[in-house]
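Student: I would like to go through this model and ask, for each label, what justifies it.
Tutor: Then let us set each value against its definition.

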Amino acid sequence: MNDVAFAPKELPVLKDGCVDLLILAGEHSGDEHAARVLRELLGKRPDLHVCALGGRELAGTSGQFLHDLTATSVVGFVEVLKNYGYFRALFAATLAWIEKYQPSAVCFVDYPGFNMRLSAELRKRGLSRKGGGKIQTLYYISPQIWAWKPRRRFTMAQDLDGIGLIFPFELACYADTGLPAEFVGHPFLSADHDASIEYAGDAPVLLLPGSRVQTVERILPLLLAGFALYRDKHPLANAVVVYPSTAVLAVVQRVLARWQQLALAIHLQANFGNSAAICTKVSAVLTSSGTMSLHCALAGIPGAVVYKTDTLTYWLGRLLARVEFIGMANLLLKEPLYPEFIQGAATPEALAAELGSCLHDPLRLEHTRMLAGKLHGLLAQPAQSTAADWLARYL
C-alpha cells in the first residue's frame, strides 16, 4: 500500500443536502483533466453542487471532496491483488454514499478497473437510469477498449448514458453499441491548457518515470542508468526528474540515494496535477508510457518511451493487448515518434544511445517536429463542443 493504509468505512456526509454531479477520477492525469472540465462547467453553471473522489486538482475545484483516489493508484495484476482489500472496502463505501445521496449524475473519469465495476453495480441495484433509477451515468476518457477487451464496449453501453472521447478514432469503437459517444477533443489542446513545455537544445534532459509508486520503482533506475552512461561522455549534461505526488517523491529520493555521482546533475521538480508546472524548456525526454509522454510529443520534444513491469503482468498484457505500440503518440500516428524500449530491451546502453540521437542528430529533431504537427491535427478540439459542453447537456 502507498500512503493510504486502509479505506474509509464510509465517505463524508454530504454538506449541501443535494448533489448534482459526482466525479470519480483515480489517476493523477484523470484528476487534472476532470478538474479542468469542472472549472469550465462551473463557469457556465455556478449553481451546480459537485462532489468528487479524485486527487489534488479536484480537491481544489469541487464543492466537496470526498476521498483521495490517486493516493493509492496501482498498476498491474500483481499490485491490484496485493491491494484487493483496500479497493473492495473503498468500492463498498463509494457505492453506499451514492445510494444514500442519489446524485443526479455520476461522471467516471478513466480508471476502468474501479469505475466500470461501479457503473455496473449501480445498474444492478436499480440506482442508475440504465437500471430503472434516476442517476445518469457518464464516462469521460474511455478505457482503452481498442487495445484489449474490446467487448467491454457492450457492457459499457448497457451501463452508461453517454461517453466523452478524447481520441477521434474511438468513435468507431462504439459505433455498433448504441451508446451515445462524442469526440470532445484532447485536454492537452483545450483552450485553457497551458502547454508551456518547449524544446531547447541547451536545456536539461527530462526524466518522467510515471505517476504510480510501483512504476517509478521499476523505471526510474533505468532512466538514471541511461542518463549516467550518456553523461560519462557528456559531463556537463543535467536532468530534471518530475514527480506528481509526495508518495512518488519518497520513491524518487530513495532511488536517487543510490546514485550519488548524479547528485549535482539531477534536479527534482513537483508536478502536482499541472502539466504546465514542469520545467518549461527541455532538450530530450526519457518517459514512461503514461499521459505525460503525449504532452512531450505534442511539444515536439525528441525522446523515447521506457516500460517495465512485473513478469506476470507483462506476459498477460502480451496475451491480451491488440496494439502495435504502447505510447499513445505512436498509436495515434501509427509509427514510432518515440522508440519504445520494453522489458529486457530497456537497457542503460540503449537509453544512453537514444539520448545521444535525440541531442546530437538534427534529423531526429526535424522528424519529431513533423510528427508533432500531425498529432496536433489529429487531436484538435471540435469548435462546436468542449468536454464541459458535453457534460452540461446531461445536467
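Student: How do you know that strand S1 and strand S4 are joined, and which way do they run?
Tutor: Two strands pair if DSSP finds at least two bridges between them, and five bridges join S1 (residues 21-25) to S4 (residues 105-109), so the criterion is met, with the two strands running parallel. Within this pairing, Leu22 stands opposite Val106 in S4. The strand and helix labels themselves are DSSP runs, numbered from the N terminus (helices: H or I, at least four residues; strands: E, at least two).

Student: Before going on, what kind of model is this, and which limits apply to it?
Tutor: It is a predicted model, in which local features need pLDDT of at least 70 and side-chain atom pairs count only at pLDDT 80 or more, while totals for chains, interfaces and linings use all residues. Residues are numbered from 1 along each chain as its sequence is written, and side-chain values use heavy atoms, with hydrogens and water left out.

Student: What makes S3 and S7 edge strands?
Tutor: Seven strands form an open sheet with parallel pairing, in the order S3-S2-S1-S4-S5-S6-S7, and strand S3 (64-68) and strand S7 (181-183) each pair on one side only. From one strand to the next the twist averages 15°.

Student: Why are helices H10 and H14 called roughly perpendicular?
Tutor: Their axes, which are lines fitted to C-alpha atoms over the stretch in contact, with angles running from 0 to 180 degrees between N-to-C directions, cross at roughly 115° and come within 8 Å. Angles under 35 degrees count as roughly parallel, over 145 as roughly antiparallel, 65 to 115 as roughly perpendicular and the rest as oblique, and H10 (residues 291-298) and H14 (residues 362-379) are therefore roughly perpendicular to each other.

Student: Which residues meet there?
Tutor: Leu294, Ala297 and Leu298 in H10 meet Ala372, Leu375, His376 and Leu379 in H14, where contact means heavy atoms within 4.5 Å. By class, this contact has six nonpolar, one polar and no charged residues, with Ala, Val, Leu, Ile, Met, Phe, Trp, Tyr, Cys and Pro counted as nonpolar, Asp, Glu, Lys and Arg as charged, and the others, Gly among them, as polar.

Student: How do you know that Glu40 and Lys44 form a salt bridge?
Tutor: A salt bridge is a side-chain nitrogen of Lys or Arg within 4 Å of a carboxyl oxygen of Asp or Glu, and the closest N and O atoms of Glu40 and Lys44 are 3.1 Å apart, so the pair qualifies. Being four residues apart in helix H1 (residues 28-44), the two are separated by about one helical turn. Glu40, Lys44 and Asp389 are also linked in a network of salt bridges, and by this rule the count comes to 14 salt bridges.

Student: Why are Glu40 and Lys44 called partly exposed?
Tutor: Buried means under 20% relative accessible area and exposed over 50%, with partly exposed in between (1.4 Å probe, protein chains only); Glu40 has 28% and Lys44 has 43%, so both fall in the partly exposed range.

Student: Where do Glu99 and Arg125 lie in the chain?
Tutor: Their side chains meet in a salt bridge at 3.2 Å, N to O. Glu99 lies in helix H4 (residues 84-101) and Arg125 in the loop between helix H5 (112-124) and strand S5 (136-140), so the pair ties together parts that are 26 residues apart in sequence.
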